[in-house]
Amino acid sequence: MFKVGEYIIYKRDLCKIQAIEKNPLTKEDYYKLSPMTDETLSIKVPANNKFHNLRYPISKKEAEDLIQKIPEISPLKTNDKLLESEYRNLMKTNQHEDLIKIIKTTYLRSEDRKNQGKKVSEKDQLFFKQAETYLYTELAYSLKMSFEECKKHIILEVENSLRKEES
């Protein structure tokens with residue numbers, strides 16, 4: 001059982017456990033969670049329910065290892081008609097690598113469209129932002145950085161890794 005004051009991942013959101021309360025009707029314990037992306041929001045989740053995907057954030061070592069793996073993770077290769085469905089499916093998994101696939105795919109598609117003088121797809125922008133928020137919020141927590149520091153750190157690490165490969 002998690003404790004008050006701990007940070008956990010609920011679905012994809014980094015949350016702080018504000019309280020553990022009893023449901024007056026069922027007498028079961030509930031976690032009262034506050035997502036870090038919107039601290040005004042309060043979520044109640046049954047403490048004993050295994051279907052809610054509650055877990056601790058990844059460790060600093062796991063975060064660093066994941067960042068090193070980013071260059072090896074390939075973007076999606078699917079046609080435009082199936083892309084939104086694929087994005088949605090990847091958002092539902094509990095895999096950091098799937099968020100990276102979404103970020104890479106949407107970024108590359110957006111750059112390609114810009115280079116062709118076309119408007120960037122709203123769906124790509126939406127999924128990019130969502131995947132980026134989930135991934136960088138958790139990694140920032142694990143690496144004890146701000147969201148923006150984490151984003152810059154990841155970009156720098158990936159660029160350095162790609163430069164080493166080219167040498």
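Helix H4, residues 122-143, lies across strands S1, S2 and S5. With respect to S2, H4 runs at about 75°. I should state at the outset that this is a predicted model.

Let me turn to the sheet beneath that description. Five strands form an open sheet in the order S4-S3-S2-S1-S5, and the pairing is antiparallel. S4 and S5 are the edge strands, each pairing on one side only. As general background, strands of a sheet pair through backbone hydrogen bonds, either parallel or antiparallel.

Consider next the individual pairings. Strand S2 covers residues 13-22 and strand S3 covers residues 29-35; the two run antiparallel and are joined by seven bridges. Within this pairing, Ile20 stands opposite Tyr31 of S3. The hairpin of S2 and S3 has six residues between the strands, and in that hairpin Lys27 takes a positive phi near 65°. S3 also pairs with S4, residues 43-46, in the antiparallel sense, here over four bridges. Two partnerships may be located on the structure: Tyr30 has Pro46 in S4 as its bridge partner, and Lys32 stands opposite Lys44, also in S4.

I now come to the aromatic residues. The structure holds five aromatic pairs. How are the rings of Phe2 and Tyr56 arranged? Their centres are 4.8 Å apart and their planes stand at 75°; an angle over 60 degrees counts as edge-to-face, so this pair is classed as edge-to-face. The pair links distant parts of the chain, 54 residues apart: Phe2 belongs to the segment before strand S1, whereas Tyr56 belongs to the loop between strand S5 and helix H1. The two partners may also be described by their accessibility. Phe2 has a relative accessible area of 14% and is therefore buried, the limit being under 20%. Tyr56, at 43%, is partly exposed. Together with Tyr31, these two residues form one aromatic cluster. Tyr31 is thus placed on the structure by its position opposite Ile20 as well as by this cluster.

The next topic is the nonpolar core. In soluble globular proteins, nonpolar side chains tend to be buried together. The largest nonpolar core here has 26 residues, of which Met91, Ile102, Leu135, Leu139 and Ile154 touch the most other members. Helices H1, H2, H3, H4 and H5 each supply at least two residues of this core. Which helix gives the most? H4 does, with eight residues. For Ile102, leaving aside its neighbours within four places in sequence, the contacts are Tyr87, Leu90, Met91, Phe127 and Ala131. There is also a second, separate core of nine residues, which includes Phe2, Tyr31, Ile43 and Val45.

Finally, I would draw attention to His153, which is found in helix H5. Is His153 buried or partly exposed? Its relative accessible area is 24%, and since buried means under 20%, His153 counts as partly exposed. Beyond its neighbours within four places in sequence, His153 is in contact with Ile67, Leu143 and Met145. His153 and Tyr30 are 123 residues apart along the chain, and their C-alpha atoms are separated by 36 Å.

Terms used. Residues are numbered from 1 along each chain as its sequence is written. This is a predicted model: local features need pLDDT of at least 70, side-chain atom pairs count only at pLDDT 80 or more; totals for chains, interfaces and linings use all residues. Side-chain values use heavy atoms; hydrogens and water are left out. Two strands pair if DSSP finds at least two bridges between them. Rings of Phe, Tyr and Trp (its six-membered ring) pair if their centres lie within 6.5 Å; planes under 30 degrees apart count as stacked, over 60 as edge-to-face and the rest as tilted. Buried means under 20% relative accessible area, exposed over 50%, partly exposed in between (1.4 Å probe, protein chains only). A nonpolar core is a set of buried Ala, Val, Leu, Ile, Met, Phe, Trp, Tyr and Cys residues joined through side-chain atoms within 4.5 Å. Contact means heavy atoms within 4.5 Å. Axes are lines fitted to C-alpha atoms, for helices over the stretch in contact, and angles run from 0 to 180 degrees between N-to-C directions.
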